[in-house]
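This report looks at aromatic rings and at the charged groups placed over them. The structure comes first, and the account of its rings follows.

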Amino acid sequence: MKPAWLREAVEASGLPPPEVFPRDLAADASMLLPVRPVGLKDLTSEKVRQWLAQRGRTVEIGYHRRMHGCMVAWEGKGLVFFDRDDSPANQRFTVAHELGHFFLDHLLPRRRALDFFGDGIRDVLDQKRAPTREESLTSVLEGVPIGVQIHLMDRGPTGDIGKGVVARAEQRADRLALEWLAPSKLARQVMQEGPEDTHKQRLEQHFGLPDWMAETYARILRREEGRSRFSIVSFLGEDAG
């Protein structure tokens, strides 16, 4: 069973279930979300910085390093960068992963803040004024973020994830990306068409996932399915055997 946060995120994103596979999520998202995919050859953090600077947007990207993709967002709009030299499967997943960051880490918190505080908080979200003491206190007490909402990956110069909160954000972006590209209900059906040792290959071929992510997704779906069965048994108080 999908986690509750994932069900809510998929519904709130407004992206419809895919009709064909592999899914062209970049096209779907561009039409329905305020985001633009940008492909650059030999992608690096410095190339992203230069691309933005040429268009009048100054953003500190962090350590100079190679990357498969990144997301930059402000004022409810986003840019998703991906490496055009990567394979189609890797490009597809990178775009979906960065779109997951855009929605989960920028757009959704922004919507929550606007719904809670009203339109008067927009200038705070857009960094045009500082929050009042009351707004800051309410934000903390109610768990509604009103600070800078831009995804600048907190990693070291080698690309290693250095903090637990960053690792959790990466996992959630991965999981939402997979749900957009390969809905779990359908993915489980595809997996059930063959023995366990073919699950990775079936997901890879049917949904166009990178092989490494297809293997990870198969493990995630088996774990979620096992957790669902355990929860039902525990609730009924019956012996699993």
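## Charged groups over rings

In this predicted model, the charged end of Arg172 lies over the ring of Trp5, at 4.1 Å from the ring centre. A further arrangement of this kind involves Arg55, whose charged end is placed over the ring of Trp51, with 3.8 Å to the centre of that ring.

## Aromatic pairs

A pair of aromatic rings is described by the distance of the centres and the angle of the planes. The model has a count of four aromatic pairs, and one of them is formed by Phe93 and Trp212, which meet edge-to-face with 5.6 Å from centre to centre and 85 degrees between the planes. This pair links distant parts of the chain, since Phe93 belongs to helix H4 (residues 88-117) and Trp212 to helix H10 (residues 211-236), with the two residues 119 residues apart.

The partners can also be described by their accessibility. Phe93 has a relative accessible area of 4% and is therefore buried, the cut-off for that class being under 20%. Trp212, by contrast, has a relative accessible area of 43% and counts as partly exposed.

## A pair of neighbours

Phe116 and Phe117 also form an edge-to-face aromatic pair, with 5.0 Å between the ring centres and 75 degrees between the planes. Phe116 is partly exposed, at a relative accessible area of 40%, and Phe117 is likewise partly exposed, at 23% relative accessibility.

Definitions and conventions
Residues numbered from 1 in each chain as written. Predicted model: local features only at pLDDT ≥ 70, side-chain atom pairs only at ≥ 80, totals over all residues. Heavy atoms only, no water. Phe/Tyr/Trp six-rings, centres within 6.5 Å; stacked < 30°, edge-to-face > 60°. Helix = DSSP H or I, 4+ residues; strand = E, 2+ residues; numbered from the N terminus. Buried < 20%, exposed > 50% of the residue type's maximum accessible area, 1.4 Å probe, protein only. Lys NZ or Arg CZ within 6 Å of the ring centre and 35° of its normal.
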